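Me: Please take a close look at a single part of this structure and follow it into its surroundings. I would like each term explained when it is used.

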Amino acid sequence: MLRIFKAAIWILTFVTACAGTVAIWQWFSSDERTIISQALDNQRTYRVFNPDADGAVFYALDGQSIRGGLIPAIIFSAKALASGEDLPKIVAIDAGTTRDADLRPLSGTPTNWRPVIAGRSDQFDGFLLNELSLAVEGEGGRPSSRYLLGHSLAGLYALDLATRKPDYFDGVFAFAPTFSHDTSIAERLDKACHDGLLVYANWGLESARDTAVFEDTTRRWREAERCQSNPPKTIRHYGAIHQIVMVTGQLDAAFRFVD
């Protein structure tokens, strides 16, 4: 029994050391960049992990570089290395102090326990699709694959963007999207069921109220006639709280759904 315990400690130490080494390499090989956005009328900061990579491009919304960029950079790079694929390029967008405005529509229908907040997601669309993607990908054409990752409010925005631009990304991953911030999205989610588009949404240990909204919204989404040929992947990760379900979702994305 003692030998098994010691072996487990050595394995855990080895895995931790490898993960730490990859994290350090990823961070110090990444580039922090700025862009003057005409769509948003301000300057934005973003970080690119594996900046010279020629593989898929992942746009990671919502959060600072460590949460929004370093973790998916480690996960997706490790998956690529393990499978012999080209390294992906991870673009971490700094949410800063404008997150609420950027990721919400001008008008929405929140639940009775959420405040009504007017946003400018249409302008953020212009920044993401017309300015940032051009700065990252250049003018050489579409990358091998293009994915969008969003957590919480950014997950809600990512799904909403998929209803407006269903052919822009190859996959859209929403981790614990806060449907309760705009329940009207349930009426248009079927537009994201576009042939060739992988759409994923997960949630974990949310409040009972938010869980009820999530279950009702995703049920209506899966049952929509337009979605029968290409249903969304909706998964509950019971053991993960709201902040951690992003990581379990990224692991799902990397090792189960992204080729």
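Reply: A nonpolar patch joins side chains of Val, Leu, Ile, Met, Phe, Trp or Tyr within 5 Å, from residues with over 30% relative accessible area and no salt bridge (a side-chain nitrogen of Lys or Arg within 4 Å of a carboxyl oxygen of Asp or Glu). The model is predicted, so local features need pLDDT of at least 70 and side-chain atom pairs 80 or more, while totals for chains, interfaces and linings use all residues. Residues are numbered from 1 along each chain, and side-chain values use heavy atoms, without hydrogens and water.

Leu205, Ile241 and Ile244 form such a patch on the surface, together offering about 250 Å² of accessible area (Shrake-Rupley method, 1.4 Å probe, only the protein chains shown counting as cover). Ile241 has a relative accessible area of 41% and is therefore partly exposed, a class between buried (under 20%) and exposed (over 50%).

Ile241 belongs to strand β8, residues 233-241; a strand is a DSSP run of E with at least two residues, and a helix one of H or I with at least four, numbered from the N terminus. An open sheet of eight strands runs in the order β1-β2-β4-β3-β5-β6-β7-β8, with mixed pairing (at least two DSSP bridges between two strands). Both β1 (31-37) and β8 stand at the edges with a single partner strand, so one side of each has no neighbour in the sheet. Elsewhere in the structure, strands β3 (residues 57-60) and β4 (residues 89-93) run parallel and are joined by four bridges; Tyr59 has Val91 as its bridge partner in β4.

Conventions. Patches are made of residues with over 30% relative accessible area and no salt bridge: like charges are joined within 9 Å, nonpolar side chains (Val, Leu, Ile, Met, Phe, Trp, Tyr) within 5 Å. Buried means under 20% relative accessible area, exposed over 50%, partly exposed in between (1.4 Å probe, protein chains only).
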